[in-house]
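Got your viewer open? Load the model, find the selection tool, and let's take a walk through it together.

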Amino acid sequence: MSLSKHIRTTGPLGAAAPFLAACEGPQSALDPAGSAAALIARLWWPTLFVAILVTLLVLALLTVAVFRAHRRHAALPLNARQSRNLVIAGGIILPLAATIPFALSSFSIGRTINAPLPDDAMTVEVVGKQWWWEVHYLDEAGNRIATTANEIHIPAGEPVRFLLKSDNVIHSFWVPNLQGKTDMMPGRTNVTSVTADEPGVYRGQCAEYCGTQHALMAFLLVAEEPERFDAWLEGQRQPATMPETQAQARGHDEFFEAGCAGCHTIRGTSASGDLGPDLTHIASRRTLAGATVPNRIGHLGGWITDPQHVKPGSRMPPSELTPEELKTLLGYLESLE
Ligand code: HEC
Ligand SMILES: [Cu+2]
């Protein structure tokens, strides 16, 4: 749903449309692309509207009070009973009338968007890391069938269950266009669900401060036609393609010689480190390092040579590779579709 459509239905805000156009985009709670986010946005607009009215009312009363104070001998305009009624109406009834409807509708929307999904809904497990996202696809029995990082694909139009975890500090899983935030707590599994109405690429962002690179802990959520999604998942389930050329074979060996295998897994090879993202299908991803840079060969080379420059404090050390070694390593990684 586009935001301009939403503004037009919210009458009084129509004039602000050009300014509010900035609220559209792949990471905006005001540009909902799924039913949960749409309900949240529908509550957000009237909340903003009432908050503006209350602010204007308070400012108006304040102005009146300031000017009255100058008229020293002005008689009190109200008698005792009228002023008591004013306090009851303005101090109790009005605030309650302004807030109770929001409390009730927030409660009811919360119940709707957090309603449990049917047992056979697809389940994705996401583990918050410092500062990236480990993503596991589960089968009906709850076994992990595919692992990736920083890019979550879902079939458009279908509700997907997310099991959210952390094995370090608290993170928060948030795809503003699709759903509200859900915390990822060490030792707990929090559950949320996401439905994307249409195919599209949305940006998710960690929404709970989790250390130096919290701001660069993002991911892409790719909603696609169910057939395309099935093909993607089938691809991700497969082990890595074996090196086909001699150069790729040298790159594969370089991966081990340079120590990458101690931290990264490439399924189908003996690399089974688990400190960093699974790289089995790294070439199929759109971005690197928590959606920090696009996954192009230049960025990949820059990242491998000096991750601390791209994302200072990240848990990957720089590597001392000769240009030739880097080139063969990149050639191999680029083959891991
Ligand atoms: C000490 C552990 C460690 C070593 C050794 C290591 N990495 Fe990493 N790597 C990580 C971590 C942790 C991340 C995630 C960083 C982040 O996004 O904050 C990462 C991220 C990456 C990514 C981005 C993955 C993605 O999905 O965004 C690539 C590619 C990568 N490493 C390749 C390599 C290569 C090639 C080597 C060997 C030269 C290597 N790494 C050595 C820990 C390591
Ligand atoms: Cu975080």
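Here is a tour in a few stops, and keep in mind that you're looking at a predicted model.

**Stop 1: the domains.** Start by colouring the protein chain in three parts: domain 1 (32–113), domain 2 (122–233) and domain 3 (246–334). Now turn the model until you can see domain 1 and domain 3; their C-alpha centres lie 55 Å apart.

**Stop 2: ligand 1.** Select ligand 1 next. Why does ligand 1 lie between domain 2 and domain 3? Both domain 2 (122–233) and domain 3 (246–334) give residues to the shell around ligand 1, so that is where the ligand ends up. The space that ligand 1 takes is the largest pocket.

**Stop 3: the shell.** Show everything within 4 Å of ligand 1. You should find 27 residues surrounding it, and the closest are Cys260, Cys263, His264, Ala289 and Met316. Try colouring the shell by class: 18 residues are nonpolar, six are polar and three are charged. Which helix gives the largest share of the shell? That's α7, with three residues. If you highlight α7 (297–305) and α9 (323–334), you'll have two helices that each supply at least two residues of this shell.

**Stop 4: polar partners.** Stay with ligand 1 and look for its oxygen atoms. Pick Arg285: an N or O atom in its side chain is 2.8 Å from an oxygen atom of the ligand. Then pick Lys311, where an N or O atom of the side chain is 2.9 Å from a ligand oxygen. Finish with Asn150, which has a polar side-chain atom 3.3 Å from an oxygen of ligand 1.

While Asn150 is selected, check its backbone too. You'll find this residue in the loop between β3 (144–149) and β4 (151–155). Its phi is positive, about 60°, although Asn150 is not a glycine.

**Stop 5: a cis peptide bond.** Move to the loop between β1 (122–128) and β2 (133–138), where Trp131 has its place. Zoom in on the peptide bond from Gln130 to Trp131: this bond is cis, with omega near 0°.

**Stop 6: the copper ion.** Last, select ligand 2, a copper ion. Which protein atoms are its donors? They are ND1 of His171, SG of Cys206 and SG of Cys210, lying 2.1 to 2.2 Å from the ion. Along the chain, these donors follow the spacing H-x34-C-x3-C. His171 lies in strand β6 (residues 171–173) and Cys206 in the loop between β9 (200–205) and β10 (218–224), so this pair ties together parts that are 35 residues apart in sequence.

Note on methods:
Residues are numbered from 1 along each chain as its sequence is written. Chains are lettered from A and ligands numbered from 1 in the order in which they are written. This is a predicted model: local features need pLDDT of at least 70, side-chain atom pairs count only at pLDDT 80 or more; totals for chains, interfaces and linings use all residues. Side-chain values use heavy atoms; hydrogens and water are left out. A polar contact is a pair of N or O atoms within 3.5 Å; within protein, one must be able to donate a hydrogen and the other to accept it, and residues adjacent in sequence count only if both atoms are side-chain atoms. On a 1 Å grid over the protein atoms alone, a cavity is a set of points where a 1.4 Å probe fits but cannot get out, and a pocket is an open set with protein on both sides within 12 Å along at least five of seven lines; lining residues have an atom within 4 Å of a point. A molecule sits in a cavity or pocket if more than half of its atoms lie within 2 Å of its grid points. Helices (H or I, at least four residues) and strands (E, at least two) are DSSP runs, numbered from the N terminus. Ala, Val, Leu, Ile, Met, Phe, Trp, Tyr, Cys and Pro count as nonpolar, Asp, Glu, Lys and Arg as charged, and the others, Gly among them, as polar. Domain bounds come from an automatic or database domain assignment. Donors are N, O and S atoms within 2.8 Å of the metal (3.2 Å for Na, K and Ca); water is not among the atoms, so sites may look incomplete.
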